[in-house]
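Work through the exercises below with the sequence and coordinates open. Try each task before reading its solution.

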Amino acid sequence: MSGPVARSGAHRAPPSAAPARSAPPTPATPPAPSVPSAADTATDVVRWAAFSCFLVPVILLWYGTSLAGAAGTAFGLAAVTAACRVLLRRSERCATQRGGRHTRGGTPVS
């Protein structure tokens with residue numbers, strides 16, 4: 001076959017009957033994305049980590065891991081989560097005391 005295959009029952013308008021095209025509408029200015037604060041971000045990270053401290057041992061038990069192994073995993077994840085939470089909070093306090101991440105006047109982001 002050398003040409004396009006027409007579907008039965010399909011109706012095509014002749015080229016002269018095509019609707020006139022108007023200029024595309026100008027896009028509206030999108031709202032500025034809200035940037036979460038560092039405290040909100042750290043809180044979200046800690047919440048997800050706490051959720052994983054619960055979820056991972058449950059999944060391990062589901063797949064046949066011993067109760068002691070799942071409990072050890074939960075304890076290890078809780079310890080890592082607690083350490084990360086302490087470090088995140090400390091970082092937030094230091095950033096607040098120093099006036100944010102960029103303290104020098106010649107930084108590209110001001």
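## Exercise 1: L55 and the nonpolar patch

L55 is partly exposed, at 32% relative accessibility. The model is a predicted one.

**Task.** Place L55 in its helix, then find which residues make the nonpolar surface patch.

**Solution.**
- Step 1. Locate the residue. L55 sits in helix α1, which covers residues 38–62.
- Step 2. Test it for patch membership. A patch residue needs over 30% relative accessible area and no salt bridge. L55 has 32%.
- Step 3. Collect the members. W48, F51, F54, L55, V58, I59, W62 and Y63 make a nonpolar patch of about 1000 Å².

## Exercise 2: An aromatic pair

**Task.** Count the aromatic pairs and classify the geometry of W48 and F51.

**Solution.**
- Step 1. Count. There is 1 aromatic pair.
- Step 2. Take the geometry. The ring centres of W48 and F51 are 5.9 Å apart, and the planes make an angle of 85°.
- Step 3. Classify. Planes over 60 degrees apart count as edge-to-face, so W48 and F51 form an edge-to-face pair.
- Step 4. Check the positions. Both W48 and F51 belong to helix α1, 3 residues apart, about one turn of the helix. An α-helix has 3.6 residues a turn, so residues three or four places apart point the same way.
- Step 5. Add the exposure. W48 is exposed, with a relative accessible area of 62%. F51 is partly exposed, at 41%.

## Exercise 3: The salt bridge

**Task.** Find which residue forms a salt bridge with R89, and state whether each partner is buried, partly exposed or exposed.

**Solution.**
- Step 1. Count. The structure has 1 salt bridge.
- Step 2. Name the partner. R89 pairs with E92, and their closest N and O atoms are 3.3 Å apart. The cut-off is 4 Å.
- Step 3. Place both residues. R89 and E92 are in helix α2 (residues 67–98), separated by 3 residues, about one turn of the helix.
- Step 4. Recall the principle. Side chains of opposite charge can pair when their charged atoms come close.
- Step 5. Assign exposure. Buried means under 20% relative accessible area. E92, at 18%, is buried. R89, at 21%, is partly exposed.

## Exercise 4: The span of α2

**Task.** Compare the reach of α2 with its expected span, then list its buried residues.

**Solution.**
- Step 1. Get the length. α2 has 32 residues.
- Step 2. Compare. The first and last C-alpha atoms of α2 are 46 Å apart, close to the 46 Å expected at 1.5 Å a residue.
- Step 3. List the buried residues. In α2 these are A70, T81 and E92.
- Step 4. Look past the end. G99 follows α2 and has a positive phi, near 85°.

## Exercise 5: From α2 to distant residues

**Task.** Find which residues T81 touches, then give the C-alpha separations for C84 with V46 and for E92 with A42.

**Solution.**
- Step 1. Start at T81. T81 is in helix α2 and is buried, with 14% relative accessible area.
- Step 2. List the contacts. Leaving out residues up to four places away in sequence, T81 touches V46, A49, A50 and C53.
- Step 3. Move to C84. C84 is also in helix α2, but is partly exposed at 42%. The C-alpha atoms of C84 and V46 are 7.9 Å apart, with their positions 38 residues apart along the chain.
- Step 4. Finish at E92. The C-alpha atoms of E92 and A42 are 8.7 Å apart, and these residues are 50 residues apart along the chain.

## Exercise 6: The whole chain

**Task.** How many helices and strands does the protein chain have, and what share of its residues is buried?

**Solution.**
- Step 1. Count elements. The protein chain has 2 helices and 0 strands.
- Step 2. Take the buried share. Of 110 residues, 7% count as buried.
- Step 3. Take the surface. The chain exposes about 10000 Å², and carbon and sulfur atoms supply 64% of that area.

Notes
Residues are numbered from 1 along each chain as its sequence is written. This is a predicted model: local features need pLDDT of at least 70, side-chain atom pairs count only at pLDDT 80 or more; totals for chains, interfaces and linings use all residues. Side-chain values use heavy atoms; hydrogens and water are left out. Helices (H or I, at least four residues) and strands (E, at least two) are DSSP runs, numbered from the N terminus. Buried means under 20% relative accessible area, exposed over 50%, partly exposed in between (1.4 Å probe, protein chains only). Accessible areas come from the Shrake-Rupley method with a 1.4 Å probe; for residues, only the protein chains shown count as cover. A salt bridge is a side-chain nitrogen of Lys or Arg within 4 Å of a carboxyl oxygen of Asp or Glu. Contact means heavy atoms within 4.5 Å. Patches are made of residues with over 30% relative accessible area and no salt bridge: like charges are joined within 9 Å, nonpolar side chains (Val, Leu, Ile, Met, Phe, Trp, Tyr) within 5 Å. Rings of Phe, Tyr and Trp (its six-membered ring) pair if their centres lie within 6.5 Å; planes under 30 degrees apart count as stacked, over 60 as edge-to-face and the rest as tilted. The expected span of a helix is 1.5 Å times one less than its number of residues.
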